Amino acid sequence: MSAQRTARRAARLAALLPLLPLLLGARAHADASPVHYASDPARSRLEFSGVQAGAAFTAVFHGFSAAIAFSPDALAASRFDVTITLASVDSKDKDRDGTMRGADVFDVAHYPTAHYVTHSITRTASGFAASGALTLHGTTREVPIQFTFQSRAGGAELAGTAKLKRLDFGVGQGDWKSTDWVANEVSVAFDLQLVPAPP
Amino acid sequence: MTNDTAGARYGAAAKFLHWFIAALIVVQFSLAWTADDLPLGARKLGLLAWHKSFGMTILMLAIVRLLWRLGHAPPPLPAGMSPLERTLARGAHLTLYGLIFLMPLTGWMMSSAKNYAVSWFKLFTFPNLIAPNETAFAVLRNVHDSLSVVLLIVASLHLLAALKHHFWNRDDVLRRMLPFSKPARRP
């Protein structure tokens, strides 16, 4: 009895055999690997803008490295990992840069870097959206980003924006906790030229 | 009032512009002197934000004032003034007119050179006049400071001269610029 049942099951399974390649194909597609890139520092830009006394100002970080694993066909396995050297901040004013490096703002002596790592990337109408965690000033918070990805000769271009509130990270102590003269909202923009890199 | 010098007075617009700008200049000096002694911080930023907003207000009023002045001749100087006094008075007025333009303009350029754009009472932001440049900032700061000393001296002389006309010469020079005052009627 039991042998007969086993034989029937085997026969049914055998009938499904022609579908196996399809199944494997689908699995292979889901497992597509993203392409690994690094940002080319000379041709990449990472900046943020804040509002100070009612007027916008923009500063760039000269020192940052981005390890990007991305493929539009492999979003599940795509991942950004960005490390920013905060002391490299440049707002075209030495006094302001010094203040930002100081204990009451970035406090680079204690928190020399900021780190951003994504945990999911999805497609949107105009490009892609990533959710990820930003660690800044010893505090980790979710920061979503919107970005576009374009293949380029010899690599790719990754450009996008994010918005965050500086006080969520404790950036601005003492005098600078007030938002009277320095707004809480900060927008971040990046335009990275990516070159292939080992994973 | 057959004599056009005795009764001629400044119009309401000229008076308003004169006194409003004068009051703003006093505010500007107090803000600048207070901010100068502070380290870079939120308080200094705040004071300088007011200084910039008032400064740009002065610049806008200066433009209005100049246009007004071109269409409205001021009352003539009293007949008894010597040629030297007339030259000094005209020179002082010309200098003060120049400074209500040059002070805001050099301040605006200073802000631009230091890459701190000028906001007008957080309502809108003026475009930067020049590119960020440390050397230019240092030069402009010296110019702005030096012009402020010139302004202080010439405005003080202007005030003393007006008082001298009023109390010494006993003419209409101060009264014709005072708000709400009637021209003196003399025999």
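This report describes the contact between two chains, the nonpolar cores and three loop residues of a predicted model.

Residues are numbered from 1 along each chain as its sequence is written, and chains are lettered from A, with ligands numbered from 1, in the order in which they are written. Because the model is predicted, local features need pLDDT of at least 70 and side-chain atom pairs count only at pLDDT 80 or more, while totals for chains, interfaces and linings use all residues.

**Chain contact**

Chain A puts 17 residues into the contact and chain B 16 residues; two residues are in contact if their C-beta atoms, placed from the backbone, lie within 7 Å. On the side of chain A that touches chain B, β3 (55–61) and α3 (94–101) of chain A each give two or more residues. The most come from β3(A), with three residues. Helices (H or I, at least four residues) and strands (E, at least two) are DSSP runs, numbered from the N terminus. By type, this side of chain A has seven nonpolar, five polar and five charged residues. Here Ala, Val, Leu, Ile, Met, Phe, Trp, Tyr, Cys and Pro count as nonpolar, Asp, Glu, Lys and Arg as charged, and the others, Gly among them, as polar.

**Cores**

A nonpolar core is a set of buried Ala, Val, Leu, Ile, Met, Phe, Trp, Tyr and Cys residues joined through C-beta atoms within 7 Å. The largest has 54 residues, and those with the most contacts inside it include A:Phe80, A:Trp181 and B:Leu45. Helix α3 (residues 42–71) of chain B gives the most to this core, six residues. Another core, of six residues, lies apart from it and includes B:Ile58 and B:Met103. Leaving out residues up to four places away in sequence, B:Leu45 touches A:Gln52, A:Ala53 and A:Trp181.

**Loop residues**

A residue is buried if 20 or more other C-beta atoms lie within 10 Å of its own, exposed if 12 or fewer, and partly exposed in between, with C-beta atoms placed from the backbone.

| Residue | Loop | C-beta neighbours within 10 Å |
|---|---|---|
| B:Asn115 | between α4 (83–113) and β1 (119–120) of chain B | 19, partly exposed |
| B:Lys122 | between β1 and β2 (124–125) of chain B | 15, partly exposed |
| A:Asp175 | between β11 (155–165) and β12 (185–196) of chain A | 18, partly exposed |

Most residues other than glycine have a negative phi. Phi of B:Asn115 is positive, near 60 degrees, and B:Lys122 has a positive phi of about 60 degrees.

Not counting residues up to four places away in sequence, A:Asp175 touches A:Asp104, B:Gly41, B:Ala42 and B:Arg43. Its C-alpha atom is separated by 39 Å from that of A:Glu157, 18 residues apart along the chain.
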